[in-house]
Amino acid sequence: MCGIVGYIGSQEAFPILIKGLHRLEYRGYDSAGVALLNDKGELNVFKTKGKVANLEKFCESKDISGTIGIAHTRWATHGEPSDVNAHPHYSQSKNIALIHNGIIENYLTLKEFLKNEGFSFKTETDTEVLVQLIEYMKGKYSCELYDAVQHALSQVEGAYAIGVIERGRPDVLIAARKGSPLVIGIGENEFFLGSDASPIIEYTKKVVYVEDEEVAKLTRDKDLEIRNLSDVVVKHDVQELKFSLSEIEKGGYPHFMLKEIFEQPKALKMCMNGRVNEQLKEIKLSGIIDNMERFRSAKRILISACGTSWHAGLIGKYLFEYYCKIPVEIEVASEFRYRNPVIFSDDILIAISQSGETADTLAAIELAKASGAFTYGICNVVGSSIARATHSGTYTHAGPEIGVASTKAFTTQVAVLIMMSATIGRQLGTVDNQQYLQLVEGLETIDEKIEEILQQASKIEGISKIFTYARNFIYLGRGYNYPVALEGALKLKEISYIHAEGYPAAEMKHGPIALIDEEMPIVVIAPKFGIYDKILSNVQEVKSRKGRIIAIVTKGDTQIKELADYVIEIPESIDSLSPLLTVVPLQLLSYYVAIAKGRDVDQPRNLAKSVTVE
């Protein structure tokens, strides 16, 4: 979950590395560091606790010259955030510097071995073990750095993406990956390295995605060389990035999160482009059509995801069972992978992840594939690990999402699940013509309806300021909007640090009702659908206990409006499309509560965007 940047070429490396760290800071921001080789071949490492701005200030009086370097922004796993535990890490001789994203699972065994070989350690990190192991291999085999990295990684268990440079060798940068993302940008006689493409896009659109157990050699004025751990040359395909620099900048918004909330109408249009045909009144997903026989013969669909993506998957369960009549089981990926699940060869596993790099979700995919199941990925990042690991899938095309709290990722994932259920249901004959047309026509206008909700941002901001005092929130929803209640509560927790829980509204009387008093804010998601009367009863139960109600209702509602303290209206929609609307005011509510409390909404404490470790 850390950010990796590297550069080798003719430009000064430090400005490129720092700019890259800022763009990757969403991946981790408890410490940062940089290693540079100057023209004399001297290796300088500078690092400090805190955000990248702290590192910039720290380096103001340092020798930051050099046209080759590596840099890192950290989300701590082994060892608390501190200057000493920050990356890059030196080897014992200080001849080698290394940056690392991932977890070395057998680091304690390796550390004990290295101690017996005379190595000492200054940090608590698994990363220092790896750089010491590389130095050990270099001495043992009297080999070049590239070979030493290969030897060391052959002894490593776990996940890694690394960048390595060596004192006296300003002509070469080594990179490798297994389980953690790594991309190489190819410029004019220069190379760039990144955990993702955001630090690279400003300089080149030509990239190579490093695969598992591959080691890349980036040599000044030479072609890129990639070999695997068995020292076999690997053919690498140069791909072109499809997004622009403007997509990863704030564009006048105070925060990425707010920008991404307001980008949702456009993101949904991009997600549906070429898939929802307004003229023919049809929905087509090639990933489904091309593999329809697998879906036709499926006895069960399994959905595996984490966090916000899991909430989208819960909505997918409702969709597939209603429109496709296929039973669905959904489970958090971290539980799925460890409980020895029963998976049949005619099952389908749908894996959902914004980044396409979520470690637990990737493990669930491999588990399903080992049992002969068909795997289908839903992710945002083109060329990501999940996109490559699954048999087929659908990209959400939401565009880069930088804010740690997902917003447009959720709505585009739900949109993909809606399109999938419509396509499968149409092929299976389980969706009648009227239902199908409702989905097509509803998706055609969903962006306009979200725009209408966004126009209420100032009203929602006003409501949010009232509730900055709160220490707890309860979110209630039913049917398709129960997962939205979970998602709304998660957003508030993530960025405001207020404790919040989402519940099925009918479950309130089975315990949570004991919490309700005149200080407790209750967010009720109550669009006017089939079980509206049940939700109305739940609202009355809350009101009778003096709870303060914020209600999300369909425009024109009068019954709940009379009972609620505050009301946010959404346009009319059919039940199955309503999560695309009801979630938007909850995103804005969370954002404005957090802003009123002075929180850093783009980089909330203890979190990182892409969870590439367990």
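Select Ile418, Met419, Ala422 and Arg426 in helix α14, then add Asn433, Tyr436, Leu439 and Leu443 in helix α15; these two groups of residues meet in the predicted model. By class, the residues of this contact comprise six nonpolar, one polar and one charged.

Next, display both helices in full: α14 covers residues 408–428 and α15 covers residues 433–454. Their axes come within 11 Å and cross at roughly 150 degrees. Because angles over 145 degrees count as roughly antiparallel, α14 and α15 are described as roughly antiparallel to each other. The crossing of α14 past α15 is left-handed.

Now move to a second pair of helices. Select α10, residues 307–324, together with α17, residues 482–496. How close do the axes of α10 and α17 come, and at what angle do they cross? They come within 9 Å and cross at roughly 170 degrees. The helices α10 and α17 are therefore roughly antiparallel to each other. To view the contact, show Gly307, Thr308, Trp310, His311, Leu314, Ile315 and Tyr318 on the side of α10. On the side of α17, show Tyr482, Pro483, Val484, Leu486, Glu487, Leu490 and Lys491. The residues of this contact divide into nine nonpolar, three polar and two charged.

Remain in α17 and select Lys491 with Glu494. A salt bridge joins Lys491 to Glu494, with the closest N and O atoms 3.0 Å apart. Both residues lie in α17, three residues apart, which is about one turn of the helix. Is Lys491 buried or exposed? With a relative accessible area of 1%, Lys491 is buried. Glu494, at 15% relative accessibility, also counts as buried, because the limit for that class is under 20%. Elsewhere, Lys19, Arg23 and Glu202 may be selected together, since salt bridges that share partners join them into one network.

For another salt bridge within a helix, go to α12, residues 359–370. Here Lys369 pairs with Glu366, and the closest N and O atoms are 4.0 Å apart. Lys369 and Glu366 are three residues apart in α12, a separation of about one helical turn. Lys369 is partly exposed, with a relative accessible area of 30%, and Glu366 is likewise partly exposed at 42%.

A further pair to select is Glu278 and Lys269. Their side chains meet in a salt bridge with an N to O distance of 3.8 Å. Glu278 is partly exposed, with a relative accessible area of 39%, and Lys269 counts as partly exposed at 35%. The salt bridges of the structure number 28.

The final stop is Arg294, in helix α9, which spans residues 292–297. Arg294 is partly exposed, with a relative accessible area of 31%. Which residues does Arg294 contact, leaving aside its neighbours within four places in sequence? They are Ser345, Asp347, Ile348, Gly372, Ala373 and Phe374. Finish by selecting the C-alpha atoms of Arg294 and Phe374: these two residues are 80 residues apart along the chain, and their C-alpha atoms are separated by 7.3 Å.

Methods: Residues are numbered from 1 along each chain as its sequence is written. This is a predicted model: local features need pLDDT of at least 70, side-chain atom pairs count only at pLDDT 80 or more; totals for chains, interfaces and linings use all residues. Side-chain values use heavy atoms; hydrogens and water are left out. Buried means under 20% relative accessible area, exposed over 50%, partly exposed in between (1.4 Å probe, protein chains only). Helices (H or I, at least four residues) and strands (E, at least two) are DSSP runs, numbered from the N terminus. Axes are lines fitted to C-alpha atoms, for helices over the stretch in contact, and angles run from 0 to 180 degrees between N-to-C directions. Angles under 35 degrees count as roughly parallel, over 145 as roughly antiparallel, 65 to 115 as roughly perpendicular and the rest as oblique. A crossing is left-handed if the near helix is turned anticlockwise from the far one by less than a right angle, and right-handed if clockwise. Contact means heavy atoms within 4.5 Å. Ala, Val, Leu, Ile, Met, Phe, Trp, Tyr, Cys and Pro count as nonpolar, Asp, Glu, Lys and Arg as charged, and the others, Gly among them, as polar.
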